[in-house]
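Subject: Structure handover

Hello,

Here is the structure I said I would pass on. Please open it next to this message, since the notes below go through it residue by residue.

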Amino acid sequence: MTDKKDFDDDGSYVLEDTGESLEDFESRVTAGEDQGQSNSPGQTVDLANLRAENEKLRDQYVRKLADFDNFRKRTDREKQDFYRYALTDILREVLPVLDNFERALAAGADGGEEFRRGVDLIYRQLADVLRKNGLTVIDESAVTFDPQIHEAVIREENDAVPNHTVTEVLQKGYYLNDRLLRPAMVKVAVGGPEDSEAVQG
C-alpha cells in the first residue's frame, strides 16, 4: 500500500498494493488519526471490513487445504487397497486348481497312468485360467532369434538351419496381455547360412 490515493471511474477509493503489510498499514493509519489527520467521507478506509474479509479468506483457504489433504489420504488408501487386492479375481479362479492338486497328492502316485492323466488335467485347467486372464505363451522354435522376447542361454554350431535360429525352447516365455512378463530361454544355432531358408541336408 502507498500514500497515493486514486479514484476508480465510479468515484470509489482505490489503494495501490506496494507490498506493505496490513499490520503496517493499520499502524500508519492509526498514527495519522492520533495526529489529527482525517480522511474525507469518500476516502474512509473501513479496517474492520478489511479484517473480516481477511479472516473469511483465511478460513476458506484452511478449509480447502483440509479438503485436499483428506482427498489425498483417501486416494492413497484406495491405491494401496487396489494393489493389495488386484489379484482377487484371478486367485479365486486358481483356487479350484489348488484343490485338485491337493486331491491328487492325497491320492498318491500309486495310480500310475491315471495319476498322470489327473495331473495333466490340472495343468490344463491352470493354463486355461491364466490364458483367460491375459497370459500368452512364447514357446515357438524354428524361428529367428528375437532379443525382445528371447534370452539365448546356449549357442550351438549348426549349419543345417539359418544363422540365429531358435532350435529349442528351454524355458517358456510369457506375455501378460501386450507386455512381456518373462523372456523365453532358448538354444540358438550359429554358423549356418544368413538367408531365411534352411539348408536341406
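The count of salt bridges comes to 10. Please keep in mind that this is a predicted model. Three of the pairs are described below.

Start in helix α2, which covers residues 47-85. Arginine 72 makes a salt bridge with aspartate 76, and their closest N and O atoms are 3.6 Å apart. Both residues lie in helix α2, with their positions 4 residues apart, or about one turn of the helix. Are they buried or exposed? Arginine 72 has a relative accessibility of 37%, so this residue counts as partly exposed. Aspartate 76 is also partly exposed, because its relative accessible area is 33%. The pair belongs to a network of salt bridges that links Asp69, Arg72, Lys73 and Asp76.

Helix α2 also holds tyrosine 61. Together with Val62 and Leu65, Tyr61 forms a nonpolar patch on the surface. The accessible area of these residues together is about 320 Å². Tyrosine 61 has a relative accessible area of 54% and therefore counts as exposed, the cut-off for this being over 50%.

The next pair is in helix α4, residues 113-132. Here aspartate 120 forms a salt bridge with arginine 124, and the closest N and O atoms are 2.9 Å apart. Why are aspartate 120 and arginine 124 separated by about one helical turn? It is because they are 4 residues apart in helix α4. Aspartate 120 is partly exposed at 29% relative accessibility, whereas arginine 124 is exposed, with a relative accessible area of 55%.

The last pair joins two strands. Glutamate 168 forms a salt bridge with lysine 187, and the closest N and O atoms are 3.2 Å apart. Glutamate 168 lies in strand β5 and lysine 187 in strand β8, so this salt bridge ties together parts that are 19 residues apart in sequence. Glutamate 168 is partly exposed, with a relative accessible area of 35%. Lysine 187 has a relative accessible area of 18%, and buried means under 20%, so lysine 187 counts as buried.

Those strands belong to an open sheet. How many strands does this sheet have, and in which order? There are 3 strands, in the order β4-β8-β5, and the pairing is mixed. β4 and β5 are the edge strands, and each of them pairs on one side only. On average, neighbouring strands of the sheet are turned by 30° against each other, if direction is ignored. Strand β8 covers residues 184-190 and runs antiparallel to β5, with 5 bridges joining them. Valine 166 stands opposite valine 188 of β8.

One more residue is worth finding on screen. Where is asparagine 163? Asparagine 163 sits in the loop between β4 (150-157) and β5 (165-171). Its relative accessibility is 16%, so asparagine 163 counts as buried. What does asparagine 163 touch, leaving out residues up to four places away in sequence? The residues it touches are Ala189, Val190, Gly191, Gly192, Pro193 and Glu194.

Regards

Terms used:
Residues are numbered from 1 along each chain as its sequence is written. This is a predicted model: local features need pLDDT of at least 70, side-chain atom pairs count only at pLDDT 80 or more; totals for chains, interfaces and linings use all residues. Side-chain values use heavy atoms; hydrogens and water are left out. Buried means under 20% relative accessible area, exposed over 50%, partly exposed in between (1.4 Å probe, protein chains only). Contact means heavy atoms within 4.5 Å. Two strands pair if DSSP finds at least two bridges between them. Axes are lines fitted to C-alpha atoms, for helices over the stretch in contact, and angles run from 0 to 180 degrees between N-to-C directions. A salt bridge is a side-chain nitrogen of Lys or Arg within 4 Å of a carboxyl oxygen of Asp or Glu. Patches are made of residues with over 30% relative accessible area and no salt bridge: like charges are joined within 9 Å, nonpolar side chains (Val, Leu, Ile, Met, Phe, Trp, Tyr) within 5 Å. Accessible areas come from the Shrake-Rupley method with a 1.4 Å probe; for residues, only the protein chains shown count as cover.
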